[in-house]
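Hello,

Here is the structure you asked about. My notes on the cysteines and on the sheet follow below.

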Amino acid sequence: MQSHARLVVIGGGIAGCSLLYHLAKLGWRDLVLLERNELTAGSTWHAAGNTPHFETSLNMSRIQKYGTELYQRLEAETGQPTGFHRCGSIRIAQDRDRLDQFRHLEGQSKAIDLAFEVIGPNEIRSLYPLMELDGVIAGAWTPQDGYTDPSSTTQALAKGARDLGAVIHRRTRVTSLRQKPDRHWIVETEDGTIEAEIVVNAAGTWAREVGAMAG
Ligand SMILES: Cc1cc2nc3c(=O)[nH]c(=O)nc-3n(C[C@H](O)[C@H](O)[C@H](O)COP(=O)(O)OP(=O)(O)OC[C@H]3O[C@@H](n4cnc5c(N)ncnc54)[C@H](O)[C@@H]3O)c2cc1C
């Protein structure tokens with residue numbers, strides 16, 4: 001293992017690999033990711049991979065839109081399939097409050113050029129003829145919704161990062177973190193020690209454990 005890095009990411013789930021990929025795309029070099037097991041060995045392995053576009057926060061909507069656009073172009077960029085499929089979704093309203101929420105989100109989605117349409121029962125039936133429509137007054141049609149394979153998507157992000165020079169060490173558990181007076185970090189692993197200017201804790205469920213190493 002190299003002895004120095006500008007930035008070390010701890011954790012090879014989708015968050016850690018995505019960060020590595022995006023920093024590499026931004027031109028950061030000297031990036032290292034340390035994963036104690038195999039990539040996607042944590043929560044990422046268990047995820048259903050649903051990629052909805054139905055979010056009350058505008059910023060979260062932007063992230064969801066960016067995510068599905070990214071998942072659709074990553075294979076062409078990296079050669080690694082993500083397993084993304086676009087199928088669209090219909091959510092149903094059975095009262096005015098729910099319809100008001102749909103209308104609010106329709107307006108919010110327009111602001112970021114995200115497809116979101118409030119439709120009536122006839123349009124719902126034409127999109128999905130098997131749906132039982134008793135009591136349904138409207139639907140929210142989000143055609144960009146889909147699902148991805150979380151493991152393949154993470155591998156595609158990792159491949160993209162590696163192609164740009166980032167280094168990933170699997171089977172390398174971080175065992176301790178220590179900050180030097182110059183604020184650099186000494187990252188000890190089961191496989192050697194590495195000094196880094198910046199350390200990112202992307203250990204998911206284990207983030208508390210890794211955070212405690214920093215004191
Ligand atoms: C059943 C289920 C269904 C889900 N469905 C969806 C869904 O449909 N859509 C959606 O968007 N999200 C879904 N999620 C949520 C999604 O899976 C998580 O938000 C996401 O995977 C978290 O990724 P992460 O990279 O933060 O964490 P993780 O994938 O847990 O990655 C953390 C990594 O850190 C590593 N690590 C820990 N300690 C150390 C150490 N000391 N040294 C080195 N490495 C270490 C672990 O081995 C692990 O690989 C679902 C989750 C579950 C459990």
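C17 has a relative accessibility of 1%, which is under 20%, so C17 counts as buried. C87, in contrast, counts as partly exposed because its relative accessibility of 48% lies between the 20% and 50% cut-offs. Please keep in mind that this is a predicted model. A disulfide is a covalent bond between the sulfur atoms of two cysteines. Searching the whole structure for disulfides gave 0.

Now the sheet. It is open and is made of 6 strands, in the order 9-2-1-12-11-10, with mixed pairing. Its edges are strand 9 (167–169) and strand 10 (174–179), each of which pairs on one side only. From one strand to the next, the twist averages 40 degrees. Helix 1 (residues 14–25) packs on this sheet and touches strand 1 (4–10), strand 2 (31–34), strand 9 and strand 12. The directions of helix 1 and strand 2 make an angle of about 175 degrees.

Next, the pairs at the end of that order. Strand 10 and strand 11 run antiparallel and are joined by 5 bridges. Within this pair, Q179 stands opposite W185 of strand 11. The hairpin formed by strand 10 and strand 11 has 5 residues between the strands, and R183 takes a positive phi there, near 75 degrees.

Strand 11 (residues 185–189) also pairs with strand 12 (residues 192–201), in the antiparallel sense and over 5 bridges. Here T189 is placed opposite G192 in strand 12.

Regards

Conventions:
Residues are numbered from 1 along each chain as its sequence is written. This is a predicted model: local features need pLDDT of at least 70, side-chain atom pairs count only at pLDDT 80 or more; totals for chains, interfaces and linings use all residues. Side-chain values use heavy atoms; hydrogens and water are left out. Two strands pair if DSSP finds at least two bridges between them. Helices (H or I, at least four residues) and strands (E, at least two) are DSSP runs, numbered from the N terminus. Axes are lines fitted to C-alpha atoms, for helices over the stretch in contact, and angles run from 0 to 180 degrees between N-to-C directions. Contact means heavy atoms within 4.5 Å. A disulfide is a pair of cysteine sulfur atoms within 2.5 Å. Buried means under 20% relative accessible area, exposed over 50%, partly exposed in between (1.4 Å probe, protein chains only).
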